Amino acid sequence: NKKAFVFDLDGVIVDTAKYHFLAWQKIAGGLGIDFTHEHNEQLKGVSRVRSLDLILELGNIKASEEDKNQWLVQKNDDYLTYMATMDESEILPGVVRVLQYLKDTNQPIALGSASKNARPILEKVKIIHFFDEIVDGNDVTNAKPDPEVFLCAARLLHTAPENTIVFEDSVAGIQAANTAGMTSIGIGDAKVLHEAQYVFTDFTQIDTKFLETLVNK
Ligand code: BG6
Ligand code: MG
C-alpha cells in the first residue's frame, strides 16, 4: 500500500522553541509575568493565539481583544527578527538524511504544522523542495490535538490515514496523529511522548531499516 509521510516543523525539522521562548518572554516580561523554560515546554505545538491565552492565564490577566491582538503582532514581529537569522545550520540532526531517503524512494511528503511561518522557515533553511504539500497554521481552523492538519495533509497526498506516518515532537501532535488513525512517531523524550507508537530521541536514531519497514508495512 502507498504510504505518505507528514512532518511537523517546530521541534522536528528545526529547533525554533528557543526563538518562540525569547519572543514570548518579552511579552510576558512586559506584563510582569514570570515566563520560564518549563512554561515554554507546555506551548510546544500550541497555536499562537492559544499560547498567548495560556501566558495570560499564568499571570491571571484578563485583557481586551485589542490588547491581545497587539501582543500577538508584537510577538510575531520579534519572532520574525530571529527567523531572519535562520539558515541550514538550524536543521536538526538526521532530518535531511531521512527526507532524502523518502524522496529517493518516491514517498509522498507533506508538512503538517501549526505555524503560520512554516513556508518562509522551510525556504530559509532550504528544504522546501522536499515537500509535495504544505499544510500550516494558515490552512486549518482546529489546532492540534485536533487531527485536522494531518487529515488535510493525507487528503492532499491522496493517501488514507492508516497509511500515513506522522513525525511529531509535541504531545498534542501525537494525539492528533493517533486520533486521525495514523502511525505516530515521536521525536524527543519517550516519557513525555509515551502515547506515540514509536519514539526516537532524534532522527539520527532512525535507521534505513526502520524506514524500509514503514514504507513496506
Ligand atoms: C508550533 C510551535 O509549531 O507553532 C508553537 O510549536 C507555535 O510554539 C505555533 O506557537 C504557532 O507558530 P507561529 O509561527 O504561527 O507563531
Ligand atoms: Mg512541534
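UniProt positions are given here in the numbering of this structure, with feature names shortened, and its annotations may be inferred rather than shown by experiment. An unreviewed UniProt entry puts the feature "active site" at Asp 8 and Asp 10.

A quick word on the model: it is predicted, so local features need pLDDT of at least 70 and side-chain atom pairs count only at pLDDT 80 or more, while totals for chains, interfaces and linings use all residues. Residues are numbered from 1 along each chain as its sequence is written, and chains are lettered from A and ligands numbered from 1 in the order in which they are written.

Asp 8 sits in the loop between strand 1 (4-7) and helix 1 (17-30), and Asp 10 is in the loop between strand 1 and helix 1 too. Helices (H or I, at least four residues) and strands (E, at least two) are DSSP runs, numbered from the N terminus. Buried means 20 or more other C-beta atoms within 10 Å of a residue's own, with C-beta atoms placed from the backbone. Contact means C-beta atoms, placed from the backbone, within 7 Å. The contacts below leave out residues up to four places away in sequence.

| Residue | Other C-beta atoms within 10 Å | Contacts |
|---|---|---|
| Asp 8 | 28, buried | Gly 112, Ser 113, Phe 167, Glu 168, Asp 169, Gly 173 |
| Asp 10 | 22, buried | Thr 16, Ala 17, Ser 113, Ser 115 |

Asp 8 also leads us to helix 8, since Gly 173 is one of its contacts. In helix 8 (171-179), the buried residues include Gly 173 and Ile 174. Helix 8's buried residues pack against helix 7 (148-156), strand 4 (164-168) and strand 5 (183-187). Just past helix 8, Gly 181 has a positive phi of about 80°.

Note on methods:
A residue is buried if 20 or more other C-beta atoms lie within 10 Å of its own, exposed if 12 or fewer, and partly exposed in between; C-beta atoms are placed from the backbone. Two residues are in contact if their C-beta atoms, placed from the backbone, lie within 7 Å.
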